[in-house]
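Colleague: I'm new to this one and would rather start with a single spot than with everything at once. Please pick one pair of residues, look at it closely, and then work outwards from there.

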Amino acid sequence: MKQEAGDMMLARGSHGRGRAKVTHAVVVIFLEFFAWGLLTTPMLTVLHETFPQHTFLMNGLVQGVKGLLSFLSAPLIGALSDVWGRKSFLLMTVFFTCAPIPLMRLSPWWYFALISVSGIFAVTFSVIFAYVADITEEHERSTAYGLVSATFAASLVTSPAIGAYLSSRYGDSLVVLVATVIAVADIAFVFFVVPESLPDKMRLTSWGFPISWEQADPFSSLRRVGKDTTVLLICVTVFLSYLPEAGQYSSFFLYLRQVIEFSPAAIAAFIAMVGILSIVAQTVFFSVLMRTIGNKNTVLLGLGFQLLQLAWYGFGSEPWMMWAAGTVAAMSSITFPAVSALVSRSASPDQQGVVQGMITGIRGLCNGLGPALYGFIFFLFNVELSDIEPVAGRPSENSNEKSVIPGPPFLFGACAVLLALLVAIFIPEHHRLADIKTCTALKSSSASTAHAQNINPMTTPTSDTEDIEPLLQDSSM
């Protein structure tokens, strides 16, 4: 009886807060990445103090382990969220992703250890994209993806400036405290405010329903890549373009502060500029480009901007070059929402989950390989943190020994994006993907339908357009 009463209260609470909206997803993403963005400056100091030797390499390894664990766990969490709903897993991913934050000042070693292990649950973006797919129609999805991506950019590129200011005025401890409070607020928002997005008729309410290995296998989606030429081209494009982007996220602030010798104020201003321009690019320009030049050409244009940005980062040795490249970087942020929209339009309604799951799997793999690869390239070229706080207006000891290629990993990234651009040229814009669903997926869908009907005999039998697939489920039907 207590269990039934508890289930009724949860059901009443989830429905009493209104209909699921993209706004809920936007708030969750903003708070989580805003909290982590605040820690950018304190983490530079803690990272250098904890790993005084080979700082770039160790940073890449820590972030790499986290990314690989996320890649391995994302399909299982996605499959379970298809069965039990998005909200519970959204709560879990936000909680475990933010769990390391208070340990930054308490125990740096435990902080970095927990960051690595938290990768098992650090798949908030995957669940959020599934949440958005549940509540949007196909013609609305590209705009919704752009909004979520813009929110991610806004939170991640504005909060480091605020964190740097608070750190310089009041110390790192206050920054960690503020980030912890924001993380707790995000968890509370998910628990008390965010409603469930997956309709009851498409969700299996029995906690005993089995999950097949096919759904939980992180490599299953990758094995399906070659079954359709268009899928293969899109996945190769995503891999080659997102690999340098993931590495850049893990090391760029270290690079600006040490190699280019940006002051904290300059970094704050740079981040603010890129953040504002990214928001404009992913909302205004993205919609205009999709309507005028088309989906595929928008992807190509975004890759072109990314190529120029990374080449400029790689060869640039002066601050003004970074400012110019930052402007281009903001425009390159249209690439991923354009790719997501292209996939959504190319796949039939009952294949959205399969194909989007492939894209998410590729990005998860890049989140592991990119930071480790960038850290290793920095290590090979002897780029180290010899002076964590260069004196403003005074050149450091190594400033007279300017390298021909100050940022070798960024130049490598530019070469990868060039290959991605060449591959993307061959992606057909108007193409329906072939049926790439496996027999296991079909059996799982049939079992899901039968189980749902047993629970509620009055439920209308689900069609093929309502098949449940990780990681993204199209519920527009």
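**A pair inside the fold**

Modeller: Let's start with D134 and R86, both of which are buried. Bear in mind that this is a predicted model. These two residues form a salt bridge, with 2.6 Å between the closest N and O atoms. They come from distant parts of the chain: D134 belongs to helix α8 (residues 124-135), R86 belongs to helix α5 (residues 86-98), and their positions lie 48 residues apart in the count. It's a good pair to pick, as the structure holds one salt bridge.

Stay with the α8 end for a moment, because I135 leads us to A20, a residue that counts as buried at a relative accessible area of 9%. A20 sits in the loop between α1 (2-16) and α2 (22-38). If you skip its neighbours within four places in sequence, A20 is in contact with Y131, I135, P195, E196 and S197. There's another link across the chain here: the C-alpha atoms of A20 and V194 are 7.1 Å apart, although 174 residues separate the two along the chain.

Those links go with a broader pattern. Take the contacts between residues at least 6 apart in sequence: 87% of them join residues at least 24 apart. The protein has 20 helices and zero strands, and 57% of its 477 residues are buried.

Next, look at S167, which lies in helix α9. S167 has a relative accessible area of 14%, so it falls in the buried class. Leaving out neighbours within four places, S167 is in contact with T41, D172 and V175.

Helix α9 also takes us out to the surface. Y165, Y170, L174, L177 and V181 make a nonpolar patch there, with about 510 Å² of accessible area together. Both α9 (138-170) and α10 (172-192) put at least two residues into this patch, but α10 gives the most, with three. One of the patch residues, V181, is in α10. Here's a handy bit of background: an α-helix has 3.6 residues a turn, so residues three or four places apart point the same way. As for the surface of the whole protein, about 20200 Å² is exposed, and carbon and sulfur atoms supply 68% of that.

If you'd like a helix to look along, try α16, which covers residues 319-332. From the first C-alpha to the last, its 14 residues reach 20 Å, close to the 20 Å expected at 1.5 Å a residue. Its buried residues are M321, M322, A325, G326, V328, A329, A330, M331 and S332.

One last stop is the cysteines. A disulfide is a covalent bond between the sulfur atoms of two cysteines. Searching the whole structure turns up zero disulfides. C366 is buried, with a relative accessible area of 0%, whereas C415 is partly exposed at 45%.

To come back to where we began, keep D134 and R86 in view as a salt bridge whose two members are both buried.

Notes: Residues are numbered from 1 along each chain as its sequence is written. This is a predicted model: local features need pLDDT of at least 70, side-chain atom pairs count only at pLDDT 80 or more; totals for chains, interfaces and linings use all residues. Side-chain values use heavy atoms; hydrogens and water are left out. Helices (H or I, at least four residues) and strands (E, at least two) are DSSP runs, numbered from the N terminus. Buried means under 20% relative accessible area, exposed over 50%, partly exposed in between (1.4 Å probe, protein chains only). Contact means heavy atoms within 4.5 Å. Accessible areas come from the Shrake-Rupley method with a 1.4 Å probe; for residues, only the protein chains shown count as cover. A disulfide is a pair of cysteine sulfur atoms within 2.5 Å. Patches are made of residues with over 30% relative accessible area and no salt bridge: like charges are joined within 9 Å, nonpolar side chains (Val, Leu, Ile, Met, Phe, Trp, Tyr) within 5 Å. A salt bridge is a side-chain nitrogen of Lys or Arg within 4 Å of a carboxyl oxygen of Asp or Glu. The expected span of a helix is 1.5 Å times one less than its number of residues.
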